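The report below works through selected local features of the structure shown here, beginning with a single residue and moving on to helices, salt bridges and annotated domains.

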Amino acid sequence: METTLAPGGVAADLLPSPRPVQLLDPDGLLVQQPQDAHHYDVPSAERLLAAWRGMVIGRRLDVQSTALTKQGRLAVYPSSRGQEACQVGAVQAITERDWMFPTYRESMALFTRGIDPVETLTLLRGDAHCGYDPKAHKTAPQCTPLSTQLIHAAGAAYGEKRRGTDAVALAFIGDGATSEGDFHEALNFAAVFSAPVIFFVQNNKYAISVPLAKQSKAPALAYKGIGYGVRSEQIDGNDPAAVLAVMDAAVAHARAGNGPFLIEAHTYRMDAHTNADDASRYRTSDEVSAWLAKDPLSRLQTWLTVNGHLDEAGIRDAEQEAEERAADLRDRMNSEPTVEPMSLFDNVFAEPTPQLREQRAMVAAELEAEAQS
Amino acid sequence: MTITMGNALNRALRDAIAEDDDVLMFGEDVGTLGGVFRITDGLTAEFGEDRCFDTPLAESGIVGFAIGMCLTGFRPVVEMQFDAFAYPAFEQITSHVAKTRNRTGGKVNLPMVIRVPYAGGIGGVEHHCDSSEGYYAHTPGLKVVTPSNPADAYSLLREAIADPDPVIFMEPKVLYWSKAELELPVTTEPFGRAAVRRKGTDVTLVTYGPSVPTALKAAEAAESEGCSVEVIDLRTIVPFDDDTVVESVRRTGRCVVVSEAQSFAGVAGEVASRVSERCFHSLEAPVLRVSGLDIPYPAPKLEHAYLPGVERILDAIARLQWDDVPDLSHAGAPA
Ligand SMILES: Cc1ncc(C[n+]2csc(CCOP(=O)(O)OP(=O)(O)O)c2C)c(N)n1
């Protein structure tokens, strides 16, 4: 992309809108776009309806997953309640041919991607590191070290470009993780190699307990793109219409060969970092309730209802599907998976080393002895 | 034809890139310059920027980018400029490169090669002479390879590139200019087979990489004193060839492990304990280590005092010959 120089000598085309892009306000009303913002069209009612339905299901599965920790079925669960617009919207803007690079928090994004919730939760249940086939779903394993997967996304996006496809990569990251070195290496690599990757920062305001103010002095995380020559945008991450619209622009930008795109979505993590965290130690209940008023689900539901795209029956239908999917997840998570101890030695290498064969024989003998006693 | 180890590595890369469209090489200065050691010399000129290219100066980025490219079917070979400068990529290597096959239940493999020029003996400044093989060998999921001559350098690098698993390919810098009469291509033994570089009956020296020529010199010197020394070159540290080592030590009854790395918690200690466990009844003396010192690699003018040389090896051999209990006060920290 050609960049033009603004009077200050800044590559103006790369700069995000001065305020987060918002198309629907918290009351579900269309927002008059400010003069200085980039222009984005409101997505079609059909897509917004699909996003709303995905969010209803996503939230229900998320709440169900947290409940599963209380029943001891999941070792731990990092909720993304409140971040539905980001997780569902971003995924709905890419296709099956595109790649996705999630973190531990992206369960909802994985559900939306069409990956079986049980396979999605395998990591958190504790029976395997990744429950799905990353190649079949073009979705990397959920990444636990912060920011490392962003470089993989840059590499995969560049690989696709080298293969001559128009596939893009969507990589998720949190606000705290933008401080990690790999975030910067990933932006730089992606820009230098013009790799079609979309870095989607969910600024949910906290890295476990550390607020953004102690994390970064940047005026917005989206501004971090400009130093690398990466086109950036900031959005209201609780506005599903803004997420879809800006994601569409980012995908089009990347697919067309213009290189990476950075999106900062301003959102909020309604629950604690994980079920094991006590959020009351670092934030007030007033702050939490203020964000309830910005709920991404209700605002879209209002807009859809007011504009005649959704009625009581439609709402009931979606809620029923969400309930059924949650019940199905609960049922299938209700059994203790059998984990085969001998599988410990599988998949360390394509062929086990002699040392692994020896250790395998040792464990096999131990199990044999145990079974006989 | 006279070939250096550097030539052999260069030719291995050239042949691999020519034979397989998915093989590519990238890293810092590997393009126009051909790498600081010229191992990638001429590759960009011959195959174009798509097949051998310079990246930003960012080791984590280089390795992470290679992981992503593996996902789309490429077989990247990356160069870390020097041993100690691979450390910024350590997180990618240990958290992802080594674990991805396992994490994904075998669904994703990462057939990449990380080339690391390593170890000392070239008068390099700080951070250019580390023996970092222990870090990698300690990490399950990585193969760790280190050639000691041009023929192995060619063959093992070709095998590393063809391997379905990630390979840390440790290149002993001091041997880049070592020569052999050789026609390429050549195939030596596959991963996991140690080579007996010299036959002997009294003592087994187990070594690898940069220490192989030193061990051979020591063996020759010992021979003139009437002690017959067998020298084993491991070639691959992971997988490890227990069989060759055990067979030899059971025959000789005595073993010295020679490695340039620090001894504490290192590869030499691993070899020594494996030998002790497997050859206990054949051993006539404890297994000794002759290693680098447990200090950060010293300034160039002091490296002669750091590097395990012929004298220290001979001294260890001498201690093994005693019939009474050997003086082990210096074992591990060579006298
Ligand atoms: C390299 C690394 N350091 C520390 C951690 C421990 N850790 C896990 S989540 C987290 C906070 C991440 O915050 P943020 O990036 O804002 O994402 P969020 O969890 O809010 O989605 C930390 C410190 C980690 N996973 N990886």
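In this predicted model, A:Lys138 is buried, with a relative accessible area of 16%, a value that falls in the buried class because that class takes in residues under 20%. The backbone of A:Lys138 has a positive phi of about 45 degrees, although the residue is not a glycine, and A:Lys138 is placed in the loop between helix H5 (122-125) and helix H6 (148-163) of chain A. A second non-glycine residue with a positive phi is B:Ala265, for which the angle is about 60 degrees. B:Ala265 also belongs to a loop, the one between strand S13 (255-262) and helix H10 (267-279) of chain B, but B:Ala265 counts as exposed, at 76% relative accessibility.

**Helix H8 of chain A**

Helix H8 of chain A runs over residues 240-255, and its 16 residues should span 22 Å at 1.5 Å a residue, which agrees with the 22 Å between its end C-alpha atoms. The helix is mostly covered, since 12 of its 16 residues are buried; among them are A:Pro240, A:Leu244, A:Met247 and A:His253. At the N-terminal end of H8(A), A:Asp239 acts as a cap, with a side-chain oxygen 2.9 Å from the backbone nitrogen of A:Ala241, and A:Ala241 is itself one of the buried residues of the helix. Just after H8(A), A:Gly257 takes a positive phi of about 90 degrees.

**Salt bridges**

Side chains of opposite charge can pair when their charged atoms come close. Over all chains, the structure holds 42 salt bridges, and three that lie within chain A are set out here.

| Pair | N to O distance | Separation in sequence |
|---|---|---|
| A:Arg19 and A:Asp36 | 3.0 Å | 17 residues |
| A:Arg332 and A:Asp116 | 2.8 Å | 216 residues |
| A:Arg299 and A:Asp236 | 3.0 Å | 63 residues |

The side chains of A:Arg19 and A:Asp36 meet in a salt bridge, and both residues lie in the segment before helix H1 (45-70) of chain A, so the pair ties together parts that are 17 residues apart in sequence. A:Arg19 is partly exposed, with a relative accessible area of 46%, and A:Asp36 is likewise partly exposed, at 42%.

A:Arg332 and A:Asp116 form another of these bridges, and that pair links distant parts of the chain, with A:Arg332 in helix H11 (residues 312-332) and A:Asp116 in the loop between helix H3 (107-112) and helix H4 (117-120). A:Arg332 is partly exposed at 34% relative accessible area, while A:Asp116 is partly exposed at 26%.

In the salt bridge between A:Arg299 and A:Asp236, the arginine lies in helix H10 (residues 296-306) of chain A and the aspartate in strand S6 (residues 231-236) of chain A, so a helix and a strand are tied together. Are these two residues buried or exposed? A:Arg299 counts as buried, at 1% relative accessibility, and A:Asp236 counts as buried as well, at 11%.

Salt bridges also form a network that includes residues of both chains, in which A:Glu358 is linked with B:Asp242, B:Glu270, B:Arg274, B:Glu277 and B:Arg278.

**Loops and surface of chain B**

Two cis peptide bonds can be described in chain B. The bond from B:Leu184 to B:Pro185 is cis, with omega near 0 degrees, and B:Pro185 is found in the loop between S8 and strand S9 (195-198). A cis peptide bond also joins B:Val238 and B:Pro239, with omega about -5 degrees, and B:Pro239 is found in the loop between strand S12 (236-238) and helix H9 (242-252).

On the surface, B:Ile122, B:Val174 and B:Trp177 make a nonpolar patch of about 270 Å². B:Trp177 is exposed, with a relative accessible area of 53%, and its place is in the loop between strand S7 (167-172) and strand S8 (179-181) of chain B.

**Annotated domains**

From an unreviewed entry, UniProt places the feature "domain: Transketolase-like pyrimidine-binding" at residues 3-178 of chain B. That span is 36% helix and 17% strand, and its end C-alpha atoms lie 8 Å apart. For chain A, UniProt lists "domain: Dehydrogenase E1 component" at residues 55-340, likewise from an unreviewed entry. Residues 55-340 of chain A are 43% helix and 11% strand, with end C-alpha atoms 36 Å apart.

Definitions and conventions:
Residues numbered from 1 in each chain as written. Chains lettered and ligands numbered in written order. Predicted model: local features only at pLDDT ≥ 70, side-chain atom pairs only at ≥ 80, totals over all residues. Heavy atoms only, no water. UniProt positions renumbered as here; feature names shortened; annotations may be inferred. Helix = DSSP H or I, 4+ residues; strand = E, 2+ residues; numbered from the N terminus. Patch = residues over 30% accessible without salt bridge, like charges linked within 9 Å, V, L, I, M, F, W, Y side chains within 5 Å. Areas by Shrake-Rupley, 256 points an atom, 1.4 Å probe, with all protein chains shown as cover. Salt bridge = Lys/Arg side-chain N within 4 Å of Asp/Glu carboxyl O. Buried < 20%, exposed > 50% of the residue type's maximum accessible area, 1.4 Å probe, protein only. Expected span 1.5 Å × (residues − 1). Polar contact = N/O pair within 3.5 Å; in protein donor to acceptor, adjacent residues only side chain to side chain.
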